Amino acid sequence: IMRRKLFFVFSLALTFLACTTFATWSIETVDGGPVLQPEAELEVNNADNLALLSYESPGRNLHYSQRDGSTWNTTLIDPTGDSGFWNDLVFDVSGEPHIAYSRNSSAGYQVMYGYRDGDDWTLELVANTDACEHYVSLALDSDNQPHICFFDSSGSGGIKHTWKVDDVWSTELIDEMGYMADIGVAPGDIVQVVYTDENDHLKFAERITGSWITSSALTGVSILRPPCFEVTSTGTGYAMIVDDASLEVLCLTRVPESKLWDEHFVCADMQISEYYDLTLDSNDLPHLAIYYSNILFYDYMSSPGIWSSENVDYGAHGSNVAANLAVDSQGNVMLSYYTWVYKRFNLKTRSSGSWSPHEVILESEFVGEFNSLDIDSDGIPHICYFSNSGTKMKYAQMDNQLWNIDIINPDGY
């Protein structure tokens, strides 16, 4: 699932090693050579392993980096053609990575799937199309079997679902008029997809006993940005969208018993950021973060059906600036974000209902405007961000009350 976020066109994903002290930040350059696409997605698996899946622009290849102690090890996943332009990374219950991505090779446009077993990667061709695949999204069911949805822009295009049973891949059409999509798996291994249609409305599809049932989730809107979708352990679905007609941000809730979508107004403004974030806490309650105008805005469900909102910071102006959100097991909330006014890359923490003063990670122009945040099992934040200085992706962590920067691959890919 492309969490939060935004179904980034170029996405990076991270998981990481646990830290033992919350005090000092270290910052590591993800790549010291080629230009990486700036968007990044950070995740922590159940083993607190730190890893990075990245699409490297000049070589147009897909790489996977993992941190062993203080050393980053980088593997070229797929050197074939233009590989990894759209990608997604999830971890199974054993902490092993699974990836899905698009590839443009001499054989045509392809959807690929990969998984790691021990030290070895296995790559599998999932689907061939006549045109580029977009919005590749991956989810695993209870048996760790992959389900991938993607937009096929060929003449027979639309939103498609591909899955693997007994080592055989099958692909089926969900909606020939579907476009931007995200996938999730509900209890009972019911595969669900939220997507936009030809009218830029929001639709919902779920696979019941081998057939797709589609329905309208929200009409009378104009959704021009990818929706975010999360499914809870009880099957409740949350979808975050921006309506570019009314300039409103909305969060929709679908309870499986009623199969109806409840609409929650988040905010409205002429200057809504292109980037926004949706995540679930340990109680399966949604938390949202978004920039609008010069305000960093936080909206959350404090208990089922009860919403609250807070202005986190002012002067954080920037229509294309990403604010990233994470919630630890104790309910503490962390936000990483870049402020254009003060040219600072910041972290703020909400504990016991109050926000701490912002903590400056770096004070520099165009550093951290694209970033991703997650928290390990010890409550330690980890941040991946893009720096226009040298066009590098970097990793930040605390160490003895200082922010440190570390190079993941100093020699480049």
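Begin at the loop between β24 (286-292) and β25 (295-303), where Ser293 is located. The model on display is a predicted one. Select Ser293 and inspect its backbone: phi is positive, at about 55°, although the residue is not a glycine. Most residues other than glycine have a negative phi. The relative accessible area of Ser293 is 24%, so this residue counts as partly exposed.

Next, select Lys259, which lies in the loop between β21 (248-254) and β22 (261-268). Here too a residue other than glycine has a positive phi, with a value near 60°.

**The four-stranded sheet**

Now display β7, β8, β9 and β10, which form an open sheet of four strands in that order, with antiparallel pairing. Which strands lie at the edges of this sheet? They are β7 (82-91) and β10 (120-129), each of which pairs on one side only. On average, neighbouring strands of the sheet are turned by 20° against each other, direction ignored.

Focus on β9 (residues 108-117) and its partner β10: these two strands pair in the antiparallel sense over nine bridges. To view one position in detail, select Gln110 together with Asn128 of β10, its bridge partner. Strands of a sheet pair through backbone hydrogen bonds, either parallel or antiparallel.

**The nonpolar cores**

Proceed to the largest nonpolar core, which has 28 residues. Select Val126, Ile148, Ile159 and Val193, the members that touch the most others in this core. Several strands give two or more residues to the core, including β7, β9 and β10 from the sheet just visited, as well as β12 (146-152), β14 (168-175) and β16 (190-196). Which element gives the most? That element is β11, with five residues. In soluble globular proteins, nonpolar side chains tend to be buried together.

Centre the view on Ile159 and show its surroundings. Leaving aside residues up to four places away in sequence, Ile159 touches, among others, Phe150, Phe151, Leu173, Ile174, Val193 and Tyr195. Its contacts also include Asp175, Gly178 and Tyr179.

Apart from this core lies another one, of 20 residues. To find it, select Cys228, Val242, Val266 and Ile290, which are among its members.

**Aromatic rings**

The whole structure holds eleven aromatic pairs. One to select is Tyr135 with Tyr179, an edge-to-face pair with 5.4 Å centre to centre and 85° between the planes. This pair links distant parts of the chain: Tyr135 belongs to strand β11 and Tyr179 to the loop between β14 and β15, 44 residues apart.

Are the two rings' residues buried or exposed? Tyr135 has 9% relative accessibility and therefore counts as buried. Tyr179, at 33% relative accessibility, counts as partly exposed. Add Trp86 and Phe151 to the selection to see one aromatic cluster formed with Tyr135 and Tyr179.

For a ring with a charged neighbour, select Trp163 and Arg207: the arginine lies over the face of Trp163, at 4.3 Å from the ring centre.

**A final stop in β16**

End the tour at Thr196, in strand β16. Its relative accessibility is 0%, so Thr196 counts as buried. Which residues surround it, beyond those up to four places away in sequence? Thr196 touches Met177, Gly178, Tyr179, Met180, His201, Ile223 and Pro227. Of these, Tyr179 was met earlier, in the aromatic cluster with Trp86, Tyr135 and Phe151.

Definitions and conventions. Residues are numbered from 1 along each chain as its sequence is written. This is a predicted model: local features need pLDDT of at least 70, side-chain atom pairs count only at pLDDT 80 or more; totals for chains, interfaces and linings use all residues. Side-chain values use heavy atoms; hydrogens and water are left out. Two strands pair if DSSP finds at least two bridges between them. Axes are lines fitted to C-alpha atoms, for helices over the stretch in contact, and angles run from 0 to 180 degrees between N-to-C directions. A nonpolar core is a set of buried Ala, Val, Leu, Ile, Met, Phe, Trp, Tyr and Cys residues joined through side-chain atoms within 4.5 Å. Buried means under 20% relative accessible area, exposed over 50%, partly exposed in between (1.4 Å probe, protein chains only). Contact means heavy atoms within 4.5 Å. Rings of Phe, Tyr and Trp (its six-membered ring) pair if their centres lie within 6.5 Å; planes under 30 degrees apart count as stacked, over 60 as edge-to-face and the rest as tilted. A charge sits over a ring if NZ of Lys or CZ of Arg is within 6 Å of the ring centre and within 35 degrees of the ring normal.
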